[in-house]
Amino acid sequence: MITIRQLYKSFGPKSVLQGIDLELNTPGRISAILGPNGSGKTTLIKCILGMVIPDQGEIEVDGQSIKGKWEYRSQLDYLPQIARFPDNLTVQELIDLIQDLRPGRAQAEELIDRFGLHDYLDSRLNHLSGGTKQKVNLTLAFMYDSPILILDEPTSGLDPLAMQQLRELILQERERGKLILITTHIMSFVEEMADEIVFLLDGQVCFKGSIEELLEQEAAESVEEAIAQLLVVSEALEQALEPDQQNA
Amino acid sequence: MIKILKYTLFDLLRSRWTYLYFGFFLVFSSALLLLSGDSTKVIVSLMNVILILCPLIATMFGVMYCYNSREFTELLLAQPLPRRAIFWGQYLGVALSLSVSLLLGIGLPFLFFGLVQADSLLAFLFLLANGVVLSFIFSGLAFLIALRFDNKIRGFGMAILLWLFFAVIYDGLLLILLFFFRDYPLENLSLGMSLFNPIDLSRILLLLQLDTSAIMGYTGAVFQKFLGTSLGILVALLTLGLWVLVPTMSMDRLARRKDF
């Protein structure tokens, strides 16, 4: 469903993505994109969404190159990291706006029930608390039945109850056979939810595989430990060898 | 684009800034009409305010809107619609809501007091049209600045500088130029240079409408001679049109290859 070949991107002198090759083709799987700050997680996601235009390389969604296209985005649902909406619209109007823009049928009602947003539908967005805004954000991202779901730090600002609801939602979407991409910093969330880990380091894919494979490869007890070891090893390699050798 | 425009208008027409802007014009033009009663004089006073205020508010409001709606713009960018639709929709939303505030804020008092005499009606309509055009020009420039500079502080700085340049500095430079080369005939130069400043161009067009160009002396006569003809008016209107088109087309181009 998503194929990325030799993706390069630099912002000025800083190269963020340095030849990413990635295939995410199994529906019904949750892939967690991990990596230290500045490793290119958000840039990679923004490239897939067409918000960042890569310098080199190819991204295909459903076998079609996305270069200069916008129609393919009806295949993608996206949850942005920061929820900020126009101040003077009401929640209902915001939901209507997104429904106006997207083809297909939305199931907003079910999500509004789930998050208890009924009382807020006519409130203006600038009167909502951060957590409620995040719930609106989740509603917007989950109300379509698109085959690919991209979540950028979905856990930020949620109370424990909403967090639990989010877990249920994500698992439910997986059951429906969606391809789900998540970036997060919370390792327990990864251990619990992810079927596959993509670990980015210095703009390259450093590890891709299941949690079991990662634990086995690094002889570690937890994902956190394994990731720490990956980082230590890569630093040692960098010191020992030329930085551009692909040993990691 | 129409959909984005619709919701941008929904949002902005409820914004308290829009009401403040509308309220200011409402109070100001009502006060002027009550105090003076002579609509030509009121139009001249309003002209001076519009020529300074419309560009200032359009620039600041446009930049502010862009920076404030950044995260929401990112959400829109992830939706299945072309980029240009988003930015044109937002731009037209900002420019239209400013124009509506201006038109209602000034139009309502004039309608209410019924003071537009036939001879000043044309000048009045010209004044309103000019305010609208200036709003479109300067909100276009504001969008261009906000897209060009990711840093808010720098963007606001550039916006203020831009306004200051066209509203104040440009005239100063022109005066210095005229002063140093006062021994040469400079009428054509000053005529040409005023085309490069939309605020000056609007002022001249309005003054010519009001038949007060005599106060501008000999240069005024040159302006009258050129801009009083239909060719001159056409050139002036085309130039104002270019002032709307060039920034918005640049915005369009920038938006297409920008990384968010």
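Of the 260 residues of chain B in this predicted model, 40% count as buried. Chain B is built from 11 helices and zero strands, and its order along the sequence reads α-α-α-α-α-α-α-α-α-α-α.

The overall dimensions of chain B can be judged against a reference globule. A compact globule of 260 residues would have a radius of gyration near 18 Å, and because chain B has 19 Å, the two values agree. The C-alpha trace of chain B extends over about 60 × 45 × 30 Å along its principal axes. Within chain B, 79% of the contacts with a separation of 6 or more are formed by residues 24 or more positions apart.

The association of the two chains may be described next. At the interface, 25 residues of chain A are in contact with 20 residues of chain B. Three elements of chain A, namely α1 (41-49), β6 (76-79) and α2 (91-101), each contribute at least two residues to the side of chain A that touches chain B. Among the contributors, α2(A) gives the most, with five residues.

The residues on the side of chain A that touches chain B are divided by character as follows.

| Class of residue on the side of chain A that touches chain B | Number |
|---|---|
| Nonpolar | 15 residues |
| Polar | two residues |
| Charged | eight residues |

Which helix of chain A gives the most to the side that touches chain B? That helix is α2(A), with five residues. On the side of chain B, 20 residues take part in the contact with chain A.

Terms used:
Residues are numbered from 1 along each chain as its sequence is written. Chains are lettered from A and ligands numbered from 1 in the order in which they are written. This is a predicted model: local features need pLDDT of at least 70, side-chain atom pairs count only at pLDDT 80 or more; totals for chains, interfaces and linings use all residues. Two residues are in contact if their C-beta atoms, placed from the backbone, lie within 7 Å. Helices (H or I, at least four residues) and strands (E, at least two) are DSSP runs, numbered from the N terminus. Ala, Val, Leu, Ile, Met, Phe, Trp, Tyr, Cys and Pro count as nonpolar, Asp, Glu, Lys and Arg as charged, and the others, Gly among them, as polar. The radius of gyration is taken over C-alpha atoms; the globule rule is 2.2 Å times the number of residues to the power 0.38. A residue is buried if 20 or more other C-beta atoms lie within 10 Å of its own, exposed if 12 or fewer, and partly exposed in between; C-beta atoms are placed from the backbone.
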